[in-house]
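Trainee: I should like to go through the salt bridges of this structure and the reasons behind each label.

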Amino acid sequence: VPQDVCDELSLVIPRPATPITAAHPDPGALSALLDALLTAHRPLIFAGGGLYNSPHALDLLVRFAELTQIPVITSWRHHDEFPNDHPLFLGCASLGTAATVWERLGESDVMLVIGNRMQENSTDGYTYPLTGTRVLQVDVDPAAFVNHRSPELAVLADAGAALAALAERLPDGVRRRDERRDQNLADRRRF
């Protein structure tokens with residue numbers, strides 16, 4: 001736009017923002033996603049910037065991670081999505097990240113990718129997730145599902161709505177919870 005146009009006053013009256021409601025996830029897809037996570041040996045949550053756009057998603061992420069004892073790695077520039085001093089926080093996949101972050105991404109057998117476009121800096125040049133990792137992805141933007149690793153299961157939904165619904169569906173006595181807690185403590189010490 002030419003500079004002289006930028007200096008002109010406009011008579012346009014801004015319209016109020018259009019309210020957007022949360023996209024609710026498919027219950028059948030959530031059941032399949034939860035079953036895969038809870039039966040995994042080394043599950044991982046790979047959280048991205050999409051959680052900022054969802055009311056209460058950050059708190060719900062902490063709650064879900066604690067209930068399941070599934071650790072969290074955040075994507076590039078989103079290290080503040082999860083409390084860095086939390087025992088389930090295993091780092092931020094980014095430029096100059098600790099080697100243990102890449103190792104843990106590589107060890108994951110089932111990965112919940114939530115609100116994360118898995119761009120180049122968060123995947124170490126599109127190396128992660130590895131081809132042997134089952135990728136389950138939740139995002140409100142269908143374009144996020146088309147990248148270097150298409151998910152096995154794509155859930156088109158608001159991150160907060162999906163995390164709340166997943167937490168509600170958790171069975172009493174989550175399987176492998178104690179085993180995961182021990183692994184998480186060892187991973188946290190490495191980090």
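**Salt bridges and exposure**

Mentor: Arginine 176 has a relative accessible area of 23% and is partly exposed. The model is predicted, so local features need pLDDT of at least 70 and side-chain atom pairs count only at pLDDT 80 or more, while totals for chains, interfaces and linings use all residues. Residues are numbered from 1 along each chain as its sequence is written, and side-chain values use heavy atoms, with hydrogens and water left out.

Trainee: Why is arginine 176 called partly exposed?

Mentor: Buried means under 20% relative accessible area and exposed over 50%, with partly exposed in between (1.4 Å probe, protein chains only). The value for arginine 176 is 23%, so the residue falls in the partly exposed class.

Trainee: What makes the contact of glutamate 179 and arginine 176 a salt bridge?

Mentor: The term requires a side-chain nitrogen of Lys or Arg within 4 Å of a carboxyl oxygen of Asp or Glu. For this pair the N to O distance is 2.6 Å, so the criterion is met. Glutamate 179, at 36% relative accessibility, also counts as partly exposed.

Trainee: How do you know that arginine 190 and glutamate 107 meet in a salt bridge?

Mentor: Their N to O distance is 3.5 Å, so this pair also satisfies the definition. Arginine 190 lies in helix H6 and glutamate 107 in helix H4, so the pair ties together parts that are 83 residues apart in sequence.

Trainee: Which residues are linked in a network of salt bridges?

Mentor: The network links Arg42, Glu103, Arg104, Glu107, Asp187 and Arg190. The whole structure holds 10 salt bridges.

Technical notes:
Helices (H or I, at least four residues) and strands (E, at least two) are DSSP runs, numbered from the N terminus.
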